[in-house]
Amino acid sequence: MKEKVTNFIKTPLIMAILLFILGAILFTNPQNIVMIVTYGFGGLFILSGFIRLANYLGDKKKEIANNNDLIYALVLMVLGIVIILCTSMIELLLRIIMGGFILYNGILRMISALKMREFEGSIWKGSLIVAIIIILVGLYIILKSNLVFSGIGLFIMVYSVLEIVSSIMTYNNNKLVIKK
């Protein structure tokens with residue numbers, strides 16, 4: 001039982017530390033991160049399209065070409081160009097994904113806090129407050145349209161600290177429950 005509790009706590013703690021690092025990078029260098037991510041993904045799509053096109057042309061010389069490969073190559077290249085040209089849309093999508101992830105974790109924390117209410121002690125109240133703050137941070141990231149990536153980085157760092165505190169509180173509470 002103790003190993004299950006410890007393993008249950010480790011994953012959110014490791015994720016929170018990794019998210020803190022990501023948040024620090026976003027906070028200190030937001031513009032370059034957006035450009036690197038969008039140009040990187042766009043470039044990968046374009047490169048994949050060219051590779052697919054080269055395979056198609058090679059197969060065409062052998063007279064075993066499939067027109068679907070040509071269409072797939074063209075779609076990949078066009079998608080890569082669209083990704084590169086639509087940096088602001090990518091920023092919006094990333095904001096929704098990050099905020100949604102934080103919101104989801106906050107909801108899970110709230111459910112856990114409400115379940116801890118059944119046990120003796122008042123530790124669940126602190127966990128519930130942390131969960132509500134996490135939910136509000138997730139909503140703010142999703143809804144604030146002009147929020148720059150440095151703000152997202154700051155909120156991710158705040159979320160990570162709250163997640164770490166919540167994990168430690170949960171671990172300490174579960175140690176008390178296991179001892180009983």
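## A cavity, two salt bridges and six helices

The largest cavity in this structure is lined by R109, S112, A113, M116, S127, S166 and T170. Two elements, α4 and α6, each give two or more residues to that lining. The biggest share comes from α4, which puts in 4 residues. As for size, the volume is about 40 Å³, and a search of the whole structure turns up just 1 cavity of 30 Å³ or more. Keep in mind as you look around that this is a predicted model.

### The overall fold

Let's step back to the whole chain. Its secondary structure comes to 6 helices and 0 strands, so reading along the sequence gives α-α-α-α-α-α. Of the 180 residues in the protein chain, 32% are buried. Among contacts with a separation of 6 or more, 80% are between residues 24 or more positions apart. On the outside, the chain exposes about 11200 Å², and carbon and sulfur atoms supply 72% of that area.

### Two helices, end to end

Do the numbers for α2 and α4 fit what you'd expect at 1.5 Å a residue? What spans do they show? The table has both helices.

| Helix | Residues in helix | Expected span | Distance between end C-alpha atoms |
|---|---|---|---|
| α2 | 32 residues | 46 Å | 47 Å |
| α4 | 30 residues | 44 Å | 43 Å |For α2, the end-to-end distance agrees with the expected span, and the distance for α4 agrees with its own expected span too.

The buried residues of α2 are P30, V34, T38, G42, I46, G49 and Y56. An α-helix has 3.6 residues a turn, so residues three or four places apart point the same way. Keep that in mind when you scan the list for α2. Just past this helix comes E63, whose phi is positive, near 60°.

The buried set in α4 is I90, E91, R95, M98, G99, I102, L103, N105, G106, R109, A113 and M116. R109, A113 and M116 are also among the residues lining the largest cavity.

### The salt bridges

How many salt bridges does the structure hold? There are 2. As a reminder, side chains of opposite charge can pair when their charged atoms come close.

One of them joins the side chains of E163 and R109, with 2.5 Å from N to O. This pair links distant parts of the chain, with E163 in helix α6 (residues 149–179) and R109 in helix α4 (residues 87–116), 54 residues apart. Are these two partners buried or exposed? Both E163 and R109 are buried. For E163 the relative accessible area is 4%, so this residue falls under the 20% cut-off for buried. Leaving out residues up to four places away in sequence, E163 touches P12, A16, N105, R109 and I134.

The other bridge is between the side chains of D69 and R52, at 3.7 Å from N to O. D69 sits in helix α3 (residues 67–85) and R52 in helix α2 (residues 30–61), so this pair ties together parts that are 17 residues apart in sequence. R52 counts as partly exposed, because its relative accessibility is 30%.

### Back around the cavity

Two more lining residues deserve a look. S127 is in helix α5 (residues 123–143), and with a relative accessible area of 3% S127 is buried. Its contacts, not counting residues up to four places away in sequence, are A113, M116, M169 and T170. Of these, A113, M116 and T170 line the largest cavity as well.

T170 is in helix α6. This residue is also buried, with a relative accessible area of 8%. Where does T170 lie relative to R109? The C-alpha atoms of the two are separated by 9.9 Å, while along the chain they are 61 residues apart. R109 therefore turns up in two places in this story: as a lining residue of the largest cavity, and as the partner of E163 in a salt bridge.

### A loop residue to finish

K144 is in the loop between α5 and α6. With a relative accessible area of 31%, K144 is partly exposed. Its C-alpha atom is separated by 9.2 Å from that of R95, and the two residues are 49 apart along the chain. R95 itself is one of the buried residues in α4.

Definitions and conventions. Residues are numbered from 1 along each chain as its sequence is written. This is a predicted model: local features need pLDDT of at least 70, side-chain atom pairs count only at pLDDT 80 or more; totals for chains, interfaces and linings use all residues. Side-chain values use heavy atoms; hydrogens and water are left out. A salt bridge is a side-chain nitrogen of Lys or Arg within 4 Å of a carboxyl oxygen of Asp or Glu. Buried means under 20% relative accessible area, exposed over 50%, partly exposed in between (1.4 Å probe, protein chains only). Contact means heavy atoms within 4.5 Å. The expected span of a helix is 1.5 Å times one less than its number of residues. Accessible areas come from the Shrake-Rupley method with a 1.4 Å probe; for residues, only the protein chains shown count as cover. On a 1 Å grid over the protein atoms alone, a cavity is a set of points where a 1.4 Å probe fits but cannot get out, and a pocket is an open set with protein on both sides within 12 Å along at least five of seven lines; lining residues have an atom within 4 Å of a point. Grid points are joined across faces, edges and corners, and a volume is the space filled by probe spheres set on the points.
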